[in-house]
Amino acid sequence: MSVFTKTLSPAAAKQLSPVTLAFVGDAVHSLFVRSSLVLSADRRPAELQKLASAAVSAHGQSRLLGDIEGALTAEEHEIYLRGRNAKKATKSKNADVAEYNRSTGFEAVLGYLYLTGNGERIVQLLENF
């Protein structure tokens, strides 16, 4: 069985640390952004890296969250709050604390959705990045 087809129940996913969910969500967001950039136009790798870095930065994720926050379900909002409020072992180098916390909450939602097999919902939330 491929790692891409394994899923957790919502209850099992909620048992994971919100920082663990954010760890997965960071990768999900990065892959989504990189794939979207590559598929949207023929660009040089340096340009792709610059655009991807801006989108997946804490600042970029916090800004995107502002656009989609009202579209989150109650369950997604609960996951977001857990991620935002979680104690983190590291600090952001390039974002203020509020942006970093919001981006962690955003990543936690994506990680939760990915691990529970809700790829369609991820696309719904990210398609307008």
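These legends accompany four close-up views of a predicted model.

**View 1. A cavity with a wholly nonpolar lining.**
Let's start inside the protein. The structure holds one cavity of 30 Å³ or more, and the volume of this largest cavity is about 30 Å³. Look for Leu65, Ile68, Leu72, Phe106, Val109, Leu110 and Leu125, which line the cavity. By class, that makes seven nonpolar residues, with no polar and no charged ones. Helix H4 (58-68) and helix H6 (97-115) each bring at least two residues to this lining. Which helix gives the largest share of the lining? H6 does, with three residues.

**View 2. The largest pocket and its mixed lining.**
Next comes the largest pocket, which offers about 470 Å³ of space. Its lining counts 21 residues, and those nearest the pocket centre are Ala58, Lys91, Ser92, Lys93 and Tyr100. Helix H2 (18-40), H4 and H6 each contribute at least two residues to the lining of this pocket. How do the lining residues of the largest pocket divide by class? Eight are nonpolar, eight are polar and five are charged. It is worth setting this view beside the previous one: the lining of the largest cavity has no charged residues, whereas five charged residues line the largest pocket.

**View 3. Helices H3 and H4 crossing.**
Two packed helices are described by the angle between their axes and the distance between the axes. Here, the axes of helix H3 (residues 45-56) and H4 come within 4 Å and cross at roughly 60 degrees. The two helices are therefore oblique to each other. Where do they meet? On the H3 side, the residues are Ala54, Ala55 and Val56; on the H4 side, they are Ala58, Gly60 and Gln61. Sorted by class, this contact of H3 with H4 has four nonpolar and two polar residues, and no charged ones. You may recognise Ala58 from the previous view, where Ala58 is among the residues nearest the centre of the largest pocket.

**View 4. A salt bridge between Lys14 and Glu75.**
A search of the whole structure finds four salt bridges, and one of them is shown here. Lys14 pairs with Glu75, and their closest N and O atoms are 3.0 Å apart. Why does this pair tie together parts that are 61 residues apart in sequence? Lys14 lies in helix H1 (residues 10-14), while Glu75 lies in helix H5 (residues 74-85), so the salt bridge links those two helices across that separation.

Notes
Residues numbered from 1 in each chain as written. Predicted model: local features only at pLDDT ≥ 70, side-chain atom pairs only at ≥ 80, totals over all residues. Heavy atoms only, no water. 1 Å grid on protein atoms, 1.4 Å probe; cavity = no way out; pocket = protein on both sides within 12 Å on 5 of 7 lines; lining within 4 Å. Points joined across faces, edges and corners; volume = space filled by probe spheres on them. Nonpolar A, V, L, I, M, F, W, Y, C, P; charged D, E, K, R; others polar. Axes fitted to C-alpha atoms, helices over the stretch in contact; angles between N-to-C directions. Parallel < 35°, antiparallel > 145°, perpendicular 65-115°, else oblique. Contact = heavy atoms within 4.5 Å. Salt bridge = Lys/Arg side-chain N within 4 Å of Asp/Glu carboxyl O.
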